[in-house]
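Colleague: Could you walk me through how the labels on this model were reached? I would like to see each value set against its cut-off.

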Amino acid sequence: MGRGRYYSWWRRAGETAEGLFHANGWAAHVAHALRLQGQLHVDRRDVTLPLSAPLAEPLKVAFASDFHAGPLTDPRLLDAMQRAIADFAPHVLLLGGDFVSLHHRHISGLAARLQELPAPVGKFGVFGNHDLWVDDTFIRARLEAAGVQMLVNESVRLAPPYDELHVCGLDEPGVRQPTLDAPSMAPVRADCC
């Protein structure tokens, strides 16, 4: 079990039973065929930041979240996500957590898809509550092997020519208080004030 809170024994028992009942993803396949499962949502925005000098090429950032890989999510949704991000060709890929549902082993197929996505300036992720209810150490290892740097109350400076910018990842509030006071967050605090 991961380090998540608010994951009672009855919820764990219920999700274990749900995972067994939905083994092999039959319900997700049926729901997808009947168009009852959620659809991929793509939203594009332009953001202007006050940088010291204009960039030669605008920074393209893709954000994806709430994959919930497992027997309740049809793999075709994950394939559509992968195609949409690849078509956008981002410099940076930000991943907002809830990579899996019901069991940590479901990260494998998603991690393989994420590994195939090019993001030359970096791939960064944070954990969601579902990730922390299972084995977040296992999930971290698989994602980092796929080239995703997981951030927990940390910040990283992007590579040149985008090195005026930092990516910051806070811990999931259900685990402990996200904090900007961690030593690894100091560069963000200095730049933002």
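Colleague: Why is R45 called exposed?

Modeller: In this predicted model, R45 has a relative accessible area of 66%. Exposed means over 50%, so R45 earns the label.

Colleague: And what makes D43 partly exposed?

Modeller: Its relative accessible area is 45%. The middle class runs between the buried limit of 20% and the exposed limit of 50%, therefore D43 belongs there.

Colleague: How do you know that D43 and R45 form a salt bridge?

Modeller: Their closest N and O atoms are 2.8 Å apart. The cut-off is 4 Å between a side-chain nitrogen of Lys or Arg and a carboxyl oxygen of Asp or Glu, so the pair qualifies. The structure holds 4 salt bridges, and another joins the side chains of D79 and R113 at 2.9 Å, N to O. That pair links distant parts of the chain, with D79 in helix α3 and R113 in helix α4 (residues 107-116), 34 residues apart.

Colleague: Is R113 buried or exposed, and why?

Modeller: R113 is buried, because its relative accessible area is 15% and the class takes values under 20%. Its partner D79 stands at 26%, so D79 counts as partly exposed.

Colleague: What makes R140 and E144 a salt bridge?

Modeller: Their side chains meet at 3.1 Å, N to O, and the limit is 4 Å, so the label holds. Both residues lie in helix α6 (residues 136-145), 4 residues apart, about one turn of the helix. R140 has 25% relative accessibility and E144 has 36%; both values fall between 20% and 50%, so each residue is partly exposed.

Colleague: Let's turn to the surface. Why does L36 count as exposed?

Modeller: L36 has 67% relative accessibility, and the class begins over 50%, so the term fits. L36 sits in the loop between α2 (26-33) and β1. Together with W26, V30 and L34, L36 forms a nonpolar patch of about 440 Å² accessible area.

Colleague: Which residues lie nearest the centre of the largest pocket?

Modeller: They are D43, V61, A62, F63 and F88, out of 40 lining residues. The volume of this pocket is about 1300 Å³, and α3 gives the most to its lining, with 6 residues.

Colleague: How does the lining divide by residue type?

Modeller: It has 25 nonpolar, 9 polar and 6 charged residues.

How values were computed. Residues are numbered from 1 along each chain as its sequence is written. This is a predicted model: local features need pLDDT of at least 70, side-chain atom pairs count only at pLDDT 80 or more; totals for chains, interfaces and linings use all residues. Side-chain values use heavy atoms; hydrogens and water are left out. On a 1 Å grid over the protein atoms alone, a cavity is a set of points where a 1.4 Å probe fits but cannot get out, and a pocket is an open set with protein on both sides within 12 Å along at least five of seven lines; lining residues have an atom within 4 Å of a point. Grid points are joined across faces, edges and corners, and a volume is the space filled by probe spheres set on the points. Helices (H or I, at least four residues) and strands (E, at least two) are DSSP runs, numbered from the N terminus. Ala, Val, Leu, Ile, Met, Phe, Trp, Tyr, Cys and Pro count as nonpolar, Asp, Glu, Lys and Arg as charged, and the others, Gly among them, as polar. Patches are made of residues with over 30% relative accessible area and no salt bridge: like charges are joined within 9 Å, nonpolar side chains (Val, Leu, Ile, Met, Phe, Trp, Tyr) within 5 Å. Accessible areas come from the Shrake-Rupley method with a 1.4 Å probe; for residues, only the protein chains shown count as cover. Buried means under 20% relative accessible area, exposed over 50%, partly exposed in between (1.4 Å probe, protein chains only).
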